[in-house]
Amino acid sequence: MYLYYWFNKLSMKTYSISSKQMIVQVNNNFENFKNILNLYLKNPNGKNIHDLRKSIRRLDSAYYSLPKKFRKNKPIKNYVNHSKDLFKSNSQVRDYDIFLEKINSHNSTNNKNNNLKDQIEQNKKTQLETAKKIAQNLELSDFPQIGTALISDKKVQKRFNKVSDMFNDKIKKELDIVIQDKNKIKKLHELRKDCKKLRYLLELISDQDKDIEKTVKQLDDIQDILGEIHDCDATIMFLRQQKKQYPAVKNFINNESTIRNNKYEQFVNQYKNYTQPNISIIN
């Protein structure tokens, strides 16, 4: 996984994607989101929340790579923005699930801890109701489809390369920063989000060559470990806010901090040598 090599190689690529191919891909992403939205409304369980958030990420990445003509289309733009509101609301629901999972992992029967779990469950329930209202409004909205309006392949390719290069450059810079400082929590989270955005973008053309397939896999691996670190950071931040009411969470915080630091060291050991220039491929 020689990241710097692959990202530099990607920067030099000229991707081949036609306007027809892009429109088909974006419409497929809209359709996939609509189907998952229906499943979510029937049963907003953990799996459907995960699938919904993933479909919104894919939808947003494809939409963002479109030429301005489509991105400025008001119905499409509003629909995508509302889907992102749904994403944020369900992210909070997912966070509450993570908090409960981590607290339960301590196997504590302390009544005060049970009270904290009850509070988290109530917060989750309230947030889920908010998310479901957004989802219901989206279900009632006009479902956008991008028509076959004439637009040159050159414009599509130019925009696609511009967006992919932008995320590519951001990831290289963010990697260099977070490898050096474990306390760059915000940058770690930004790196994770940018890895997702570039990954979903490259998935649109991942069948073109092996280099792109490998990079998609590497981005997936990075976001997985960064996701684990982020879950720890979010839990620690939440528990710190509860210390006054629930002093016993101090032990949870210490334990979670240890787990978090271990995962960060694992991340550094895995990627610190992959961010340096002039690294050659070793089979």
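I started with C195, which is buried (under 20% relative accessible area, exposed being over 50% and partly exposed in between, 1.4 Å probe, protein chains only), at a relative accessible area of 0%. C232 is buried too, with a relative accessible area of 0%.

The model is predicted: local features need pLDDT of at least 70, side-chain atom pairs count only at pLDDT 80 or more, and totals for chains, interfaces and linings use all residues. Residues are numbered from 1 along each chain as its sequence is written, and side-chain values use heavy atoms, without hydrogens and water.

Next I looked for disulfides (cysteine sulfur pairs within 2.5 Å). I found zero disulfides.

I then turned to helix α8, residues 185-203 (helices are DSSP runs of H or I, at least four residues, numbered from the N terminus). Helix α8 has 19 residues and spans 27 Å from first C-alpha to last. That is close to the expected 27 Å, taken as 1.5 Å times one less than the number of residues. Its buried residues include L188, L191, R192, C195 and L198.

L191 led me to the largest nonpolar core (buried Ala, Val, Leu, Ile, Met, Phe, Trp, Tyr and Cys joined through side-chain atoms within 4.5 Å). This core has 56 residues, and M22, F33, L52, L86, L191 and F267 touch the most other members. Helices supplying at least two residues each include α2 (19-42), α5 (74-104) and α8. The most comes from α2, with eight residues.

I checked F33 for contacts (heavy atoms within 4.5 Å). Leaving out residues up to four places away in sequence, F33 touches L52, S55, I56, L59, Y79, S83, L86 and L138. Another core, of 14 residues, lies apart from the largest one, with I103, I120, I236 and V249 among them.
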